[in-house]
Amino acid sequence: MSVTPHAGNGKITVPDIVSRKSHGVTHPRITCLTAYDYPTARLLDDAGVDMLLVGDSLAMVVLGYENTLPVTIEEMLHHTRAVRRGTRHALVIADMPYGSFHTGIEDSVRNAVRFIKEAGAEAVKIEGGEKRLELIHRLVEAEIPVMGHVGLTPQSLHALGGFKVQGKTAEAAEQLLRDARAVEAAGAFSIVLEAVPRELAAQVTRELRIPTIGIGAGPECDGQVLVIHDLLGLHLGRQPKFARRYAHLAETIAQAVGQYCDDVRTGQFPTDAESYHVSNGVREQEASRKEAKVRPLR
Ligand code: KIV
């Protein structure tokens, strides 16, 4: 199903994304959604989404963990492969999970290589700003395109003291600007800005030469990303204020499954039209066997 990037087949590449930087001109903004499995990747890809992020939000929305910290490299690789198989056009980006880039540069590069080599990702995402400068640089040197991620970085949950909007004070805003500049200087091709004030995200977007992809960062970013479960109304927990719900699939599923259970319990499913039948020849054979049995002996 997946295709190798080359010009002319509609495949979206890293340089395509970089060329979509607005630079003050109004370009169509970049679209990005999370995906974790084959059918969702196919549907989102067919719908024309530019980038599919196999986010470590997998831990929460698919695997049922309370935060993103427990998800493993093996789990992320497994889901990235499924997304890869379902994607023709979109750029596939794998999120490096907590622990996969925190134990030294060599380990981190080795782990990132696995996402490209074993799972077919075309880029990796790394949370963190200034402190990831050297790592991002080394990954780029190893031909691995990197998407940065600053602002609210869920892997820093304990250090940040919760999922909170970042960059609200003058000092915090300065730090966020330094983080974003460092990510760009290290060679990242784009950067996620999560849960930061709109005005600050607009400033970062104006200053950087690489595209900014916002999530809870206002409309001035060069693109937007959402967790697909939030967009579809499939997320069972509390929804953040920035996550616009475009469908209510949790309700649709509950209704469909309730109807199925009713139909099975009352014998209305399956009907004769939903059943298989023996072929005509077998039916005739069976009928003549029965007839022979009842024929009186002479
Ligand atoms: O893991 C994820 O889904 C993310 C996005 C929210 C950017 O990092």
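**Helix packing, the largest pocket and two backbone points**

User: Why are H5 and H6 called oblique to each other?

Analyst: H5 and H6 are oblique to each other because of their crossing angle. The axes of helix H5 (residues 105-117) and helix H6 (residues 133-141) cross at roughly 45° and come within 10 Å. Angles under 35 degrees count as roughly parallel, over 145 as roughly antiparallel, 65 to 115 as roughly perpendicular and the rest as oblique. Axes are lines fitted to C-alpha atoms, for helices over the stretch in contact, with angles from 0 to 180 degrees between N-to-C directions. This is a predicted model, in which local features need pLDDT of at least 70 and side-chain atom pairs pLDDT 80 or more, while totals for chains, interfaces and linings use all residues. Residues are numbered from 1 along each chain as its sequence is written, and side-chain values use heavy atoms, without hydrogens and water.

User: Which hand does the crossing of H5 and H6 have, and which residues make the contact?

Analyst: The crossing of H5 and H6 is right-handed (near helix turned clockwise from the far one by less than a right angle; anticlockwise would be left-handed). H5 contributes Ile105, Glu106, Ser108, Val109 and Ala112, and H6 contributes Glu134, Leu135, Arg138 and Leu139, where contact means heavy atoms within 4.5 Å. By class, the contact of H5 with H6 has five nonpolar, one polar and three charged residues (Ala, Val, Leu, Ile, Met, Phe, Trp, Tyr, Cys and Pro are nonpolar, Asp, Glu, Lys and Arg charged, the others, Gly among them, polar).

User: What makes H4 roughly parallel to H5?

Analyst: Helix H4 (residues 73-85) and H5 pack at about 20°, with axes 10 Å apart. H4 is therefore roughly parallel to H5. The crossing of H4 and H5 is right-handed. Ile73, Glu74, Met76, Leu77 and Thr80 in H4 meet Asn111, Arg114 and Phe115 in H5. Four nonpolar, two polar and two charged residues form the contact of H4 with H5.

User: What makes H8 roughly parallel to H9?

Analyst: The angle between helix H8 (residues 170-186) and helix H9 (residues 198-207) is about 30°, and their axes are 11 Å apart. H8 therefore counts as roughly parallel to H9. H8 and H9 make a right-handed crossing. On the H8 side the residues are Ala173, Leu176, Leu177, Ala180 and Arg181, and they meet Leu200, Gln203, Val204 and Glu207 in H9. The contact of H8 with H9 divides into six nonpolar, one polar and two charged residues.

User: How many residues line the largest pocket, and which lie nearest its centre?

Analyst: The lining of the largest pocket has 41 residues, with Leu152, Phe163, Glu194, Pro240 and Phe242 nearest its centre. Helix H3 (58-61) and strands S4 (123-127), S6 (190-194) and S8 (223-226) each give two or more residues to the lining. The lining divides into 20 nonpolar, 10 polar and 11 charged residues.

User: What is the phi of glutamate 143, and which peptide bond is cis?

Analyst: Glutamate 143 has a phi near 65°, a positive value in a residue other than glycine. Glutamate 143 lies in the loop between H6 and strand S5 (146-151). The bond from phenylalanine 269 to proline 270 is cis, with omega near 0°. Proline 270 is in the loop between helix H11 (249-265) and helix H12 (280-294). Most residues other than glycine have a negative phi, and most peptide bonds are trans.

User: How much space lies in the largest pocket?

Analyst: About 1,100 Å³ of space lies in the largest pocket. On a 1 Å grid over the protein atoms alone, a pocket is an open set of points where a 1.4 Å probe fits, with protein on both sides within 12 Å along at least five of seven lines, and lining residues have an atom within 4 Å of a point.

Note on methods. Helices (H or I, at least four residues) and strands (E, at least two) are DSSP runs, numbered from the N terminus. Grid points are joined across faces, edges and corners, and a volume is the space filled by probe spheres set on the points.
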